[in-house]
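Reader: I'm new to reading protein models. Could we go through this one together, with the reasons behind each label?

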Amino acid sequence: MHLQDDLTKHFRTSEDQKKALARLGLKTVRDMLYYFPVRYTNVSEIKLIRDAVIGESVTLYGRITKLKVRKAFKSKMPMGEATLEDTSGSIGVIWFNQAYMAKMVHEGDTVELSGKIAEDKKGGVYLSNPELKEKNALPIDMHGSLFGAGAEAAGVFGFPIYRETRGLTSRFIYHTVQKIIASGIVQNLEDYVPAEMLAKYKLPRLSTALVWMHAPQSDNNAQAARKRFSFEEVFFIQLARKIERENYLVNKSYPVLTKPDDMADFVGRFPFKQTEAQEKAIATMLADMSGPHPMARLLEGDVGSGKTAVAATLAYAAIKNRPIDFAKGARQTFGSLQVAYMAPTEILATQHFENFIQYFKHTGISVGLITGSGCRKFPTKVASAEVPWTNISRTQLLKWVEGGEIPILIGTHALIQKSVKFKHLALAIIDEQHRFGTMQRKKLVTKEGFAPHLLSMTATPIPRTLALTIYGDLDLSILDQMPVGRKPIITEIVLPNNREKVYEFIRAQLKEGRQAYVICPRINEPDPEKELAVQARSVTAEAEHLRESIFPEYTVGILHSKMTPAKKDEVMEEFSAHRIDILCATSVVEVGVNVPNATLIIIEGAERFGLSQLHQLRGRVIRSNHQAYCYLFAETKSDKTADRLKALKTAKNGFELSELDLALRGAGELGGTKQWGITDLGMEAIKNIKMVEAARTEAAAIVQTDPGLTKHAHMKKILDAKSLEIHFE
Ligand code: ADP
Ligand code: MG
C-alpha cells in the first residue's frame with residue numbers, strides 16, 4: 001500500500017460509497033488517513049444496560065435486534081420496538097407513536113440512544129422514546145470487548161466518530177483507516193516536521209500522531225495528536241505566506257518620496273482633521289513605500305474609521321512622484337507614477353471613484369473607472385456640476401492607462417485583467433478582499449520584475465491570532481480610533497414583548513424620511529424535512545409580513561445571496577435612490593455600501609450571529625449625520641444571550657468583539673474553511689496565541705535561512721500538495 005494509491009485499489013466500495021468519498025474529497029490512502037475524527041465517545045461515559053435505573057435519563061450504546069413495528073394494544077397507534085444489547089445485558093426499546101424511528105435503524109446497527117428508563121406493567125424495564133444520537137457510531141467488531149472492564153483491559157479510551165455523509169458511515173471510515181494503519185504504512189512515514197521542532201513544543205511525531213488520532217489510548221493521546229495537527233496546519237499556512245511575502249518583496253518598486261509641505265497641503269484640504277491612528281498609519285506606510293522594494297501591508301479598521309482617506313493620501317503621495325527613466329537612471333521630467341484601486345463590487349468602485357474626484361479635483365490629474373458595465377474618466381471638457389466625468393470606451397481608457405496618462409485607475413476585478421497594462425504602476429490598493437492571492441498578485445508584476453506597493457484594506461474584524469496566520473504575508477496596521485464627533489450608534493437589545501414599541505419608533509423615523517434595514521438569518525422558510533428546530537425568520541416571509549401587517553404604507557425590498565449579482569446591484573441602487581424604504585436582507589449587506597440616509601437597522605434573531613458579525617451589520621448605518629439606531633431582536637429570553645449581546649453596547653471596536661467571539665463561542669464562530677481556508681482542527685490553534693506565535697517564529701526562521709526550501713525538500717513537497725497557493729519559480 002502507498003499513500004498516493006487510490007482507495008478503491010485496496011478497498012471494495014459500492015457506487016454509493018464511491019460517490020460519498022468523492023463528495024468528501026477522499027481519493028487516496030493519504031486522504032483517508034488525514035480524515036480525522038470529529039470527536040471520540042468516551043468509554044467511561046457509557047452507561048451499561050446492566051446499571052440502568054428506572055426513572056433515569058441515560059445514554060446507552062449497543063446493538064439493535066428484534067426490530068419491529070406493531071400497533072399499540074388499545075390505541076392501535078403504530079409503535080416501534082427493538083432490543084438493545086451490550087456486553088452487560090439487553091433492554092427493550094419502545095418508540096410510542098414514533099413507528100418511523102424503527103425505520104431509521106436496522107437490525108444489527110450499533111447505536112447511541114438517549115432516553116428514559118421506564119417500568120412496564122409486568123415489572124420489566126425498557127428504554128422509552130429514545131432519541132437516536134448516533135447511528136453506526138461504533139466499530140462493530142470492537143463492540144464485544146469494549147464495555148466496562150473489557151474496555152479498561154483493552155486500554156482503549158474511546159471510539160472515534162467521523163463526520164458521515166450519505167452513503168458513508170463513520171463505521172466504514174473507521175474500518176478503512178484501521179486497515180490502513182494495520183498495513184504498517186504509517187510506521188514508516190517520514191515526518192515532514194523536523195524532530196527538533198516537535199521536541200521543542202512537545203508534539204508527537206507523525207506516525208504516532210496518526211495512530212493516536214484514529215485510535216487513542218487516552219484523552220492525553222487524543223489531545224496531543226490534535227495539537228500536533230493543528231500546529232502543523234497553522235505552521236504550513238504561515239510558511240506559505242512567508243514565502244509568498246519573500247517572493248513578492250524581491251521585486252523592484254518605484255520609491256515614493258514625499259515633501260512634508262506637499263502632503264500637509266493635501267491633508268489640509270480634508271473637511272476634517274485626521275485621527276492619530278490615521279496619521280500613524282500614513283507615516284508608517286510612507287516609510288514603507290520610500291524604499292526600492294514593495295510594501296506589503298494590511299490596514300485593518302472598522303467601517304467609518306477612515307481607511308479611504310488614508311488610501312487617498314497614499315495615492316496622492318505616489319502620483320506626486322515622476323516615473324524613473326531607467327535608461328538614464330534618473331526621474332523623468334514629465335508624467336507621474338500610477339495607482340490602482342480595486343473594490344469588490346461595482347457600486348463600491350463607483351463610490352470610490354466619486355470620492356476620489358473630490359479628493360483629487362484640485363490636482364488636475366485624471367482619474368479613471370473601469371468596471372464590467374463600462375468606463376469613465378475625470379475630468380472632462382463637457383463637465384457639469386452634477387456629472388464631472390464622462391463615459392469613455394474601454395479601448396480608449398486602456399490606451400491612456402498604458403500610456404501613463406491616467407495616473408489613478410479605480411475598478412473592480414476588471415482592473416487586473418491581462419488587457420489592463422499600466423506604464424508605471426507604483427501602488428495597488430485592494431479594498432475588502434479577504435485574500436489577494438498569489439495568482440492575482442502575479443498579474444501586477446511586470447516582465448521587468450516591477451511590482452507595486454501593496455495596500456490591502458479590511459473592515460472585517462478578526463482576532464489577532466487569525467490575522468497573524470492568514471495575513472502572514474502582510475505587515476499589519478490598525479485604525480483603532482473613530483473620527484471625533486461621530487455620533488455612536490444607539491444600540492438596543494429588544495426582547496419579544498417590546499417589538500411593537502420599536503416598530504412605532506421606526507415608523508416615526510421613516511416618516512421623517514429615513515430608511516431602514518431589516519436583517520434576517522434566513523433566505524426562505526425553513527425546510528420542514530431538514531431543520532425542524534429552526535425557527536429563524538426568513539427574508540422572504542419577513543418582507544411579506546412587514547409589507548402586509550407592519551408597514552403597509554412603505555416600500556419593502558429584498559436582498560439575499562441567492563440573487564444574481566446584477567439583481568443585487570439593482571436592488572441596492574433602488575435603495576440608494578430611496579425608491580425602497582425598508583430593505584429586508586440576509587447578511588449579504590455586510591460588504592460596505594454607503595446609503596447615508598439609511599439610519600435604522602433591525603437584526604432579527606440576533607443571538608444567531610456572532611458579535612463581530614453583528615457589529616459589521618450595524619456598520620451599515622454609520623454614515624449619516626442623523627442619529628443612527630440598531631435594534632437587536634432576540635428570540636430567546638435567556639440572560640446569557642442578553643449578556644453576550646450587551647458587549648455590542650460597550651466594546652470599543654470590532655476587533656475587541658472578535659476576540660470576545662473567540663473566547664465565548666470558540667474558533668468555530670469565525671467560519672473556518674469557507675471563509676479563511678483553515679480546517680476546524682487548524683482553528684483550534686487560533687484560540688492559542690502561544691501556538692500561533694510559535695508557528696510564526698518557526699516559519700520565519702526557516703524562510704529566513706532557506707526561502708526556496710531547498711534544504712527542506714520534504715516540507716516543500718507537503719506545501720505544494722497542500723496547495724496553499726504558493727508557487728515556486
Ligand atoms: P472606511 O473606508 O474606513 O469605512 P471612510 O474613509 O470611507 O471610512 O470614511 C468614512 C467617512 O468619514 C467619510 O465620509 C470620510 O470623509 C470621513 N472621515 C474620514 N476620516 C475622518 C476624520 N479623521 N474625521 C472626520 N471624518 C473623517
Ligand atoms: Mg471603505
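Reader: How far is an oxygen atom of ligand 1 from a polar backbone atom of Gly-306?

Author: That distance is 3.1 Å. A polar contact is a pair of N or O atoms within 3.5 Å; within protein, one must be able to donate a hydrogen and the other to accept it, and residues adjacent in sequence count only if both atoms are side-chain atoms. Ala-309 also offers a polar backbone atom, 3.4 Å from an oxygen atom of ligand 1, and for Ser-305 a backbone N or O atom sits 3.5 Å from a ligand oxygen. As for cover, the protein hides 78% of the 560 Å² of accessible area that ligand 1 has on its own (Shrake-Rupley method, 1.4 Å probe; for residues, only the protein chains shown count as cover).

Before we go on, a heads-up: this is a predicted model, where local features need pLDDT of at least 70, side-chain atom pairs count only at pLDDT 80 or more, and totals for chains, interfaces and linings use all residues. Residues are numbered from 1 along each chain as its sequence is written, chains are lettered from A and ligands numbered from 1 in the order in which they are written, and side-chain values use heavy atoms, with hydrogens and water left out.

Reader: Which residues come nearest to ligand 1?

Author: Out of 16 residues around ligand 1, the nearest are Lys-273, Gln-278, Gly-304, Lys-307 and Arg-486. To be near, a residue needs a heavy atom within 4 Å of the molecule or strand. Helix H13 (residues 307-319) gives the largest share of that shell, three residues. Helices (H or I, at least four residues) and strands (E, at least two) are DSSP runs, numbered from the N terminus.

Reader: Why is Ala-340 called buried?

Author: Buried means under 20% relative accessible area, exposed over 50%, partly exposed in between (1.4 Å probe, protein chains only). Ala-340 has 5% relative accessibility, so it counts as buried. You'll find Ala-340 in strand E11 (residues 338-342). Leaving aside neighbours within four places in sequence, Ala-340 is in contact with several residues, among them Leu-409, Phe-422 and Ile-429 (contact means heavy atoms within 4.5 Å).

Reader: And what makes His-615 buried?

Author: Its relative accessibility is 14%, and therefore His-615 counts as buried too. His-615 belongs to helix H21 (residues 611-618). Residues up to four places away aside, His-615 touches Asp-302, Pro-461, Leu-648, Asn-653, Gly-654 and Leu-657.

Reader: How many disulfides does the structure hold?

Author: Zero. A disulfide is a covalent bond between the sulfur atoms of two cysteines; the cut-off used here is a pair of cysteine sulfur atoms within 2.5 Å.

Reader: Why does Cys-630 have no such bond?

Author: Because the closest cysteine sulfur, in Cys-520, is 14 Å from the sulfur of Cys-630, too far for a bond. Cys-630 is also buried, with 1% relative accessible area. Cys-375 is another buried cysteine, at 3%.

Reader: What about the protein overall?

Author: There are 729 residues in the protein, and buried ones make up 52% of them. The secondary structure comes to 27 helices and 24 strands. One of the strands is E5 (residues 110-119), where Glu-119 lies. The C-alpha atoms fill a box of roughly 100 × 70 × 45 Å, taken along the principal axes.
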